[in-house]
Amino acid sequence: MMVPLLLIPFLLLFASIGEADYMAYKDATKPVEVRVKDLLGRMTLAEKIGQMTQIERLVATPDVLKNYYIGSILSGGGSVPKEQATAADWVNMVNEFQKACLSTRLGIPMIYGIDAVHGHNNVYNATIFPHNVGLGATRDPDLVKRIGAATALEVRATGIPYAFAPCIAVCRDARWGRCYESYSEDHKVVQAMTEIIPGLQGDVPANYTVGYPYVAGKNNVAACAKHFVGDGGTQSGINENNTIIDRQGLLGIHMPAYLNSLAKSVSTVMISYSSWNGVKMHANGDLITGYLKKQLRFKGFTISDWEGIDRITSPPGSNYTYSVEASIRAGIDMVMVPNNYDMFINDLTNLVNLNVIPMSRINDAVRRILRVKFVMGLFENPLTDRSLADQIGKKEHRDLAREAVRKSLVLLKNGKSSYDKPVLPLPKKASKILVAGTHADNLGYQCGGWTIEWQGKSGRITSGTTILDAIRATVDPSTDIVFAEDPDADFVKNGNFSYAIVVVGEHPYVETSGDSQNLTLPDPGPSTIQTVCGAAKCVVVLITGRPVVIEPYVSTIDALVAAWLPGSEGQGVTDVLFGDYGFTGKLSRTWFKSVNQLPMNVGDPNYDPLYPFGFGLTTKPRNS
């Protein structure tokens with residue numbers, strides 16, 4: 001059919017209007033890079049800087065999210081919608097925030113992040129897995145991958161698509177307060193445990209580009225390799241301090257796990273508070289831009305730590321404008337502000353308008369953030385799938401955590417001497433047994449820091465099984481169990497106990513509050529060991545985030561077990577103590593004789609530990 005000449009201009013006009021209305025970034029059939037380019041080209045400076053801003057949920061309101069075009073929200077440790085919040089409470093909160101972000105001109109969804117570092121640890125009733133130091137002792141990457149997948153489901157159940165995990169620090173000094181967040185002093189063990197990343201994010205397809213972010217779908221979360229780089233190598237184990245090591249040492253010890261993480265398409269990398277040879281990592285453009293982004297070709301986004309840019313200066317925040325400039329120029333893409341967002345946004349806007357920070361740097365940051373959001377399907381599915389609510393603390397996940405506890409336990413001693421009959425496994429049937437120690441019936445102590453609250457907490461802080469609960473569920477019904485947290489010597493001597501189980505350890509701590517120059521067990525732990533083991537056959541179970549001073553007491557102990565920070569499933573401990581399963585764990589850290597030996601790591605000259613890296617006695621299950 002012939003089109004009248006008079007109609008052609010109108011048809012062309014309608015066609016151009018249609019093309020103008022078409023937004024490629026909203027078209028899920030388009031390649032990610034096409035969508036990123038299209039959206040970036042539509043954004044104002046204010047919208048771009050908003051994407052680079054991550055704020056705490058406590059300062060997030062619908063107006064703030066809309067007016068500042070905020071790109072990300074987080075829950076800091078212990079920051080929850082309400083005490084004992086349910087999955088529905090979390091989902092409702094996240095969805096309300098998301099709806100505000102979607103109502104902006106371009107409708108860019110925010111990404112909500114949270115520290116899910118041993119399970120979904122801020123959430124009441126969630127499964128709490130052993131901390132990384134224990135998982136390192138399992139030497140089981142497949143187990144860690146399954147833990148990643150279970151954690152992703154529980155995180156998604158609360159409407160959150162982004163976990164600040166894993167910590168791939170190589171802790172070289174047990175005096176560091178974050179040593180329990182590290183899988184091992186040996187980078188090869190840490191490298192193997194990056195298998196948690198495909199657990200969290202999903203298996204990367206064949207021939208996928210190394211360093212390009214990947215999230216499989218709605219059952220997975222974006223992961224975050226942290227803290228780049230050298231966080232575990234600071235002088236004297238002082239948190240956020242200076243890692244003094246040459247480039248070869250940095251690349252040989254602290255960097256290898258990042259290469260594995262990028263090979264597994266980790267979506268984000270968090271920068272470390274620490275310094276390398278005096279240069280703050282948050283201002284280290286050589287390593288963030290030069291090495292991570294250019295040499296390793298990382299295509300996801302980098303994120304600061306909590307107020308990480310503030311701490312570029314001493315005292316923190318003393319020249320905030322400089323901190324903004326130094327961190328953004330160094331290559332940080334998203335800043336965990338988390339509270340003073342207006343100051344951050346104003347300073348960064350001014351720095352761009354004054355041409356101090358080039359627009360190319362802003363575009364690079366936003367391009368990376370949008371890339372991750374598109375890759376993970378956040379534009380197609382910005383609101384939560386409520387069907388996952390039953391994933392929180394489900395039996396299959398608790399069974400997995402129990403398996404992890406079993407495999408993480410390291411048997412350090414089994415009999416007063418090599419001539420003695422092994423004490424473990426213990427008989428389930430005995431006339432009377434004593435359970436003692438501050439940590440025997442304390443779920444909060446058993447879980448450690450980063451549990452319900454940032455610093456952790458004492459008592460029944462969530463759902464789970466204490467070691468005393470587990471003993472009661474395991475022994476024969478005819479066995480009389482006596483629990484005395486700190487019994488005196490006469491009580492033990494006159495108790496006629498078949499054996500005693502003493503459970504002692506560290507109190508929960510996080511970050512700098514956990515730094516310790518003496519690494520002694522808190523009172524009354526040492527006296528409980530000496531009192532009970534001096535009067536009865538005893539098994540000592542240590543609940544600690546790292547090796548501690550134990551050498552003075554070893555001779556009085558019949559059997560010694562390192563249980564690390566096992567989490568919510570105490571029956572994993574009794575599974576092995578009573579012989580349903582054998583001990584298989586191997587030390588992922590060197591156990592020193594004296595703190596004066598520290599730092600001391602496997603391969604060092606004059607290596608003279610109490611128990612060497614890789615040590616762990618084994619037992620067979622009773623029925624084998």
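**View 1. The annotated N-terminal stretch, residues 44–372.** In this predicted model, residues 44–372 are 40% helix and 10% strand. The C-alpha atoms at the two ends of that stretch lie 20 Å apart. An unreviewed UniProt entry gives these positions the feature "domain: Glycoside hydrolase family 3 N-terminal".

**View 2. An open sheet of five strands with parallel pairing.** Reading across the sheet, the strand order is β4-β3-β2-β1-β11. The edges belong to β4 (162–163) and β11 (335–336); each has a single partner strand, so one side of each is left without a neighbour in the sheet. Look next at the β4 end: strand β3 (residues 111–114) pairs with β4 in the parallel sense over two bridges. Here G113 sits opposite Y162 of β4.

**View 3. An open sheet of three strands with mixed pairing.** This time the order is β6-β8-β9. Strands β6 (242–243) and β9 (279–280) form the edges, each pairing on one side only. Strand β8 (residues 275–276) runs antiparallel to β9, and two bridges join them. To find your way along this pair, start at S275, which stands opposite K280 in β9.

**View 4. W276 and its surroundings.** W276 belongs to strand β8. Its relative accessibility is 11%, and it therefore counts as buried. Leaving out residues up to four places away in sequence, W276 touches N242, T243, I245, D246, R247, L250, M281, N284, D286 and L287. One of these neighbours, I245, offers its backbone oxygen to the view: the side chain of W276 reaches that atom at 2.8 Å. For a sense of scale, pick out V423, which is 147 residues from W276 along the chain. The C-alpha atoms of W276 and V423 are separated by 47 Å.

**View 5. S327 in helix α13.** Helix α13 spans residues 320–330 and contains S327. With a relative accessibility of 0%, S327 counts as buried. Beyond residues up to four places away in sequence, S327 touches H282, I309, I312 and I332.

**View 6. The largest nonpolar core, with L348 in focus.** This core has 118 residues, and F228, F344 and L348 are those with the most contacts inside it. Helix α7 (residues 141–157) supplies the largest share, eight residues. Around L348, with neighbours within four places in sequence set aside, you will find I49, M52, V324, I328, I357 and I362 in contact. In soluble globular proteins, nonpolar side chains tend to be buried together.

**View 7. A second, separate core.** A further 66 residues make up this core. Good landmarks to select are F497, I501, C538 and L577, which are among its members.

**View 8. The buried residues of helix α18 and what covers them.** Helix α18 runs over residues 467–474, and its buried residues are I467, L468, A470, I471 and T474. Around the axis they cover an arc of only 160°, which puts them on the same side of α18. Both strands and helices take part in the cover over these residues. The strands include β13 (432–436), β14 (480–484), β15 (499–505) and β16 (538–543). The helices include α17 (443–447) and α21 (571–577).

Key
Residues are numbered from 1 along each chain as its sequence is written. This is a predicted model: local features need pLDDT of at least 70, side-chain atom pairs count only at pLDDT 80 or more; totals for chains, interfaces and linings use all residues. Side-chain values use heavy atoms; hydrogens and water are left out. Two strands pair if DSSP finds at least two bridges between them. Helices (H or I, at least four residues) and strands (E, at least two) are DSSP runs, numbered from the N terminus. UniProt positions are given in the numbering used here, feature names are shortened, and annotations may be inferred rather than shown by experiment. A nonpolar core is a set of buried Ala, Val, Leu, Ile, Met, Phe, Trp, Tyr and Cys residues joined through side-chain atoms within 4.5 Å. Buried means under 20% relative accessible area, exposed over 50%, partly exposed in between (1.4 Å probe, protein chains only). Contact means heavy atoms within 4.5 Å. The arc is that of the directions from the helix axis to the C-beta atoms. A polar contact is a pair of N or O atoms within 3.5 Å; within protein, one must be able to donate a hydrogen and the other to accept it, and residues adjacent in sequence count only if both atoms are side-chain atoms.
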